[in-house]
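Some notes on this model follow, set out as numbered points. They start from one loop residue and then turn to the sheet, the helices and the cores.

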Amino acid sequence: HNMRLNPSPFSKIKTGKKKVEYRLYDKKRQQVKVHDTIKFTNTEDLSEKVSCKVLGLMNYPSFIELARDLQPTLLGSGQYHDPILFASSMESYYSLEKQKEFGVLGIRLEQITSKQNY
């Protein structure tokens with residue numbers, strides 16, 4: 001699977017500060033399975049990539065439920081420790097209508113290093 005990330009979340013995944021990527025549970029994300037590999041590309045430097053193994057998948061009806069259930073440190077964003085603020089920030093990417101239609105997905109990740117054989 002290939003996904004693009006803005007520089008800040010990309011950096012947090014690359015450094016291990018973010019352990020869960022969150023997306024709309026649309027048709028593309030419905031194809032993601034545990035043990036799959038996701039290659040993330042930095043949207044501002046397309047040559048910068050990081051590969052991660054999918055450790056787990058967590059479905060929620062909306063981002064507020066995801067934020068209430070998961071520790072802020074897993075989401076990589078201490079500034080959004082308030083689930084309402086986190087959910088509100090996600091609405092700029094995914095409307096409430098789309099969240100109701102598809103639900104949302106938390107993807108638990110582990111970065112694949114060159115030492116690992118995946």
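1. Which residues does Tyr 25 touch, not counting residues up to four places away in sequence? In this predicted model, the list consists of Gln 30, Asn 59, Phe 102, Gly 103, Val 104 and Leu 105. Tyr 25 sits in the loop between strand 2 and helix 2. Its relative accessible area is 25%, so Tyr 25 is classed as partly exposed, given that buried means under 20% and exposed over 50%. From Tyr 25 to Leu 66 the separation is 41 residues in sequence and 12 Å in space, C-alpha to C-alpha.

2. The sheet is open and has 5 strands, arranged in the order 1-3-4-5-2 with mixed pairing. Strand 1 (2-5) and strand 2 are the edge strands; each has a single partner strand, so one side of each has no neighbour in the sheet. From one strand to the next, the twist averages 40°.

3. As to the pairing at the two edges, strands of a sheet pair through backbone hydrogen bonds, either parallel or antiparallel. Strand 1 runs parallel to strand 3 (residues 37-42), with 4 bridges between the two. Asn 2 has Lys 39, in strand 3, as its bridge partner. At the other edge, strand 2 is antiparallel to strand 5, with 5 bridges. There Val 20 stands opposite Arg 108 of strand 5.

4. Helix 1 (residues 7-14) packs on the sheet and touches strand 1, strand 2, strand 3, strand 4 (45-60) and strand 5 (104-111). The direction of helix 1 makes about 75° with that of strand 4.

5. Strand 2 merits a separate remark. It is an edge strand with a single partner strand, yet 5 of its 5 residues are buried. Arg 23 belongs to strand 2 and has a relative accessible area of 8%, so it counts as buried. What does the side chain of Arg 23 meet at 2.9 Å? A polar atom of that side chain lies at this distance from the backbone oxygen of Arg 4. The Arg 23 side chain also makes a polar contact of 2.6 Å with the side chain of Glu 21. Beyond four places in sequence, Arg 23 touches Met 3, Arg 4, Leu 5, Arg 29, Phe 40, Phe 63, Tyr 94, Val 104 and Leu 105.

6. A second arginine in that list, Arg 29, lies in helix 2 (residues 27-30). Arg 29 is likewise buried, because its relative accessibility is 8%. With residues up to four places away in sequence left out, Arg 29 touches Met 3, Arg 23, Leu 24 and Leu 105.

7. The largest nonpolar core has 16 residues. Tyr 22, Phe 63, Leu 66, Leu 70, Leu 75, Phe 86 and Met 90 have the most contacts inside it. At least two residues of this core come from each of strand 2 (20-24), helix 3 (63-69), helix 4 (72-75) and helix 5 (83-90). Helix 3 gives the largest share, 4 residues. Apart from this core lies another, of 13 residues, which includes Met 3, Phe 10, Val 32 and Val 50.

8. Tyr 22 can be followed further. Leaving aside neighbours within four places in sequence, Tyr 22 is in contact with Phe 63, Leu 66, Leu 75, Phe 86, Met 90, Leu 105 and Gly 106.

9. Which residues of helix 5 are buried? They are Phe 86, Ala 87 and Met 90. Viewed down the helix axis, the buried residues of helix 5 fall within an arc of 95°, so they line one face of the helix. Their cover includes strand 2, helix 3 and helix 4. At the N-terminal end of helix 5, Asp 82 acts as a cap, with a side-chain oxygen 2.8 Å from the backbone nitrogen of Ile 84.

10. One backbone angle should be checked by eye. Most residues other than glycine have a negative phi. His 35 is not a glycine, but its phi is positive, at about 80°. His 35 lies in the loop between helix 2 and strand 3 and is exposed, because its relative accessible area is 59%.

Key. Residues numbered from 1 in each chain as written. Predicted model: local features only at pLDDT ≥ 70, side-chain atom pairs only at ≥ 80, totals over all residues. Heavy atoms only, no water. Core = buried A, V, L, I, M, F, W, Y, C linked by side-chain atoms within 4.5 Å. Buried < 20%, exposed > 50% of the residue type's maximum accessible area, 1.4 Å probe, protein only. Contact = heavy atoms within 4.5 Å. Polar contact = N/O pair within 3.5 Å; in protein donor to acceptor, adjacent residues only side chain to side chain. Arc of directions from axis to C-beta. Pairing = 2+ DSSP bridges. Axes fitted to C-alpha atoms, helices over the stretch in contact; angles between N-to-C directions.
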